[in-house]
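Subject: Handover of a structure and notes on what it contains

Dear colleague,

I am passing the structure below to you, together with a short account of what was found in it. Please read the notes with the structure open beside them.

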Amino acid sequence: MTGGRGVAHLVCGRRSKWLVLGLWVVVLLLTAPFAQKLTDAQDNDAASWLPGSAESTQVLEISEDFRPEQIPAIVVYARDGGLTAADRARIAEDVERLERLSDHGIRGDETLGPVFDREADPRAAQVFVPITMDAQGWERIGPAVDSVRDAVGGSGDGLAVHITGPGGTSADFAEAFEGIDSTLLLSAMAVVVVMLLITYRSPTLLLVPLLAVICALFTAQALIYFLAEHAGLTVNGQSAGILTVLVFGAGTDYALLLVARYREELRRHEDRHEAMALALHRAGPAVLASGATVVLSMLVLLTAEMNSTRGLGPVAAIGVAVALLAMLTLFPALLVICGRWIFWPVIPHHGAPDPTERGVWARTGRRIARRPRLVWGVTAVVLAVCSLGLIQLRAEGIGNADAFTGKPDSITGQEVSARYFPAGSGDPLVVVGNRAQAEQVGRAVAGTEGVVPESLGVPPGTKPSFEGKVLFEATMTAPSDSEAAKQTVERVRDAVHAVPDADAQVGGGTAALLDMDEATTHDNTLIIPLVLVVVLLILCVLLRALIAPLLLIATVILSFAAALGLSALAFRHVFGYAGESTDFPLFVFVFLVALGIDYNIFLTTRIREEAARQGTRPGVVTGLAATGAVITSAGLVLAGTFAALGTLPMVAFAEIGFAVALGVLLDTFVVRSVLVTSLFLDVGPKVWWPHRLAREDGGEVSEPEESLSRSGG
């Protein structure tokens, strides 16, 4: 036995299966300890997200020469009727305690305040507590804010006390990301277990793919950890969370397809080793093509300007590649080692009839075959109508107040602070420029609309100058995460850039948000077409045709638009979300196209196999009948694993999870089963042009015996 079947026997041979298992056991023992360290290797500071060429990133790097990178936690005190004498005494005592703090990077000796909202009869006060952000700073921001909270206590007796500002908000974000790996792992495992039970109806069989997927995840996490520690790979909370979902979703999909084909072959062959070799030989190309599509699509992200998006590319690609390797080696070996009993209680016996030949998907295919043009026309119109919901899409960024599914203390404090103080206090503009033109630059900043003029100054603890450069800050009147604040940054940049020979640059939190928006817009324009080209080329190579890949790409684009439109309507009118992050369309597109095309690959490769035996139109119905159940199960598993992102208290994750899950379900139940099937039936053999299959006479689909006739093994 040669070729693909020979390679398959290397995985599931009578002796080689034990060698495969042994190798994976060794790999797991070596990698598992390092997989647990991936969280420690995450880099969640601003530079790991921002594009390296952005003005805000350059300001961040220059400012490190003037002072250690710091982030202020702001303690806000407020009483609507005015602060009492007791309130002011308590604030003074709190400041004394804060000034003595030095743990977790807190610079208590540099505490500023209290600053009151007005001199006479103040109603609110703010105290600024700087936290130094060194190499470990972002991991200890939460403990630092906890120490501040312990020092000042909570609200009581009518006095509101909140911890907000960049420090408070960052701590709440850190808490939201805390345990992200374990939360997503448990959620994804629960989804996979439930769906595999429903699909396989076997409590024993579900353990095999679950074990293989967990091995793949640990191996991928360990490999990514080494690359992050020793090769400069950027990993943050976002990419680590998506890694878990991708490995579980893609790995389980590949397992479902292989098990379905293995069941078929077990009914035709008494020797389970021969059955698995044939299953790998026939389903392997589709699984490899699907995995290659995802891996290459993820690697396209390396062209992104955003560091976070660029870092996600190799992380996701490694995860899917390892999952693919595990499902084509470890998973088949485990199935063959276990034998037929693993399918208990529905054991596929040699010679048993194939239940898919007269199942629901066979009947669906015959119904579509009666009037395929009408079916695909109506389906396309319905999807196009759903895509009209895109007019409700607001992918312009999410402010801090709208970023959480709940309302943490920092957001409440931000709202309280904005009632009494300039909304941008605590997260100022940071301006650097040449010392010789400092006065002109300062006047340009102070005279810009949206800037509080009297706020302009050099922050405490900052060097007066460094290598001919100066640094100063200014507060904006608008909240730092608002669209109005971004417009203020644009005006300030225009003003300071116009100062001759000043070489002035504007950074800070708002400037970083603005630069991220611009970089993401660039990435959307570049990456989406590149991913489409990659997917089209893979489909052309796999199917050795041009018409079929073009039709599949068109259906995927229509499915993406419909999913995005329906999601936008749900976000506005069901969940009440204020908007979407600027990278939302890009991530949804990449995941939907890369993963959603899997189901079209599974279907069309089977159709092509059957078309070579019995003609294209009968082959379409046979292909749908043979793959319908497994693809439906795979879609439900993948949708469920992405929906697990909704367990995180972050709107951006919840939106991506919902949109991808919805898009996968559309692909599974509408695009693949109805639209693609009807298009292939209508176009007929010409769908394979320029391959010789396009020159067949074709055939009509009428009687079940004709449409579902099959050759042996």
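The notes below treat the sheet, a buried helix residue, the aromatic contacts and the backbone in turn.

Please bear in mind that this is a predicted model.

The sheet and its helices

Strands of a sheet pair through backbone hydrogen bonds, in either a parallel or an antiparallel manner. Here, four strands make up an open sheet with antiparallel pairing, and their order is β2-β3-β1-β4. At the edges are β2 (112-116) and β4 (160-164), each of which pairs on one side only. From one strand to the next, the twist averages 20°. Strand β2 is joined to β3 (residues 124-132) by three bridges, and the two run antiparallel. Within that pairing, Phe116 has Ala125 of β3 as its bridge partner.

Two helices may be considered together with this sheet. Helix α7 (residues 165-177) packs on the sheet and touches β1 (70-78) and β4; the direction of α7 makes about 100° with that of β1. Helix α17 (residues 409-420) lies across β1, β3 and β4, and runs at about 110° to β4.

Phe116 appears again in a contact with a charged residue: the charged end of Arg88 sits over the ring of Phe116, 4.5 Å from its centre. A second arrangement of this kind involves Arg672, whose charged end sits over the ring of Trp361 at 5.0 Å from its centre.

A buried residue in α12

Is Ala316, in helix α12 (residues 307-328), buried or exposed? Ala316 counts as buried because its relative accessibility is 1%, where the cut-off for burial is under 20%. Apart from its neighbours within four places in sequence, Ala316 is in contact with Leu246 and Met298. The C-alpha atoms of Ala316 and Val247 are separated by 8.3 Å, although these residues are 69 residues apart along the chain.

Aromatic pairs

A pair of aromatic rings is described by the distance of the centres and the angle of the planes. The structure holds 15 aromatic pairs. One of them is formed by Phe591 and Phe642, with ring centres 5.5 Å apart and planes at 50°, so this pair is tilted. Because Phe591 belongs to helix α22 (residues 584-614) and Phe642 to helix α23 (residues 616-643), the pair ties together parts that are 51 residues apart in sequence. Both Phe591 and Phe642 are buried.

The rings of Tyr599 and Phe602 have their planes at 75° and their centres 6.4 Å apart, and the pair is therefore edge-to-face. Tyr599 and Phe602 both lie in helix α22, three residues apart, which is about one turn of the helix. Tyr599 and Phe602 are likewise buried. In addition, one aromatic cluster is formed by Phe571, Phe575, Tyr577, Phe584 and Phe658.

Backbone features in loops

Most residues other than glycine have a negative phi, and most peptide bonds are trans. Asp503, in the loop between α19 (483-497) and β7 (505-507), has a positive phi of about 50° although it is not a glycine. Arg544 also has a positive phi of about 50° without being a glycine; Arg544 lies in the loop between α20 (509-543) and α21 (547-575).

Where is the cis peptide bond that involves Pro690? The bond joins Trp689 and Pro690, with omega about 10°. Pro690 is located in the loop between α24 (651-683) and α25 (704-707).

With kind regards

Key. Residues are numbered from 1 along each chain as its sequence is written. This is a predicted model: local features need pLDDT of at least 70, side-chain atom pairs count only at pLDDT 80 or more; totals for chains, interfaces and linings use all residues. Side-chain values use heavy atoms; hydrogens and water are left out. Two strands pair if DSSP finds at least two bridges between them. Axes are lines fitted to C-alpha atoms, for helices over the stretch in contact, and angles run from 0 to 180 degrees between N-to-C directions. Contact means heavy atoms within 4.5 Å. Buried means under 20% relative accessible area, exposed over 50%, partly exposed in between (1.4 Å probe, protein chains only). Rings of Phe, Tyr and Trp (its six-membered ring) pair if their centres lie within 6.5 Å; planes under 30 degrees apart count as stacked, over 60 as edge-to-face and the rest as tilted. A charge sits over a ring if NZ of Lys or CZ of Arg is within 6 Å of the ring centre and within 35 degrees of the ring normal.
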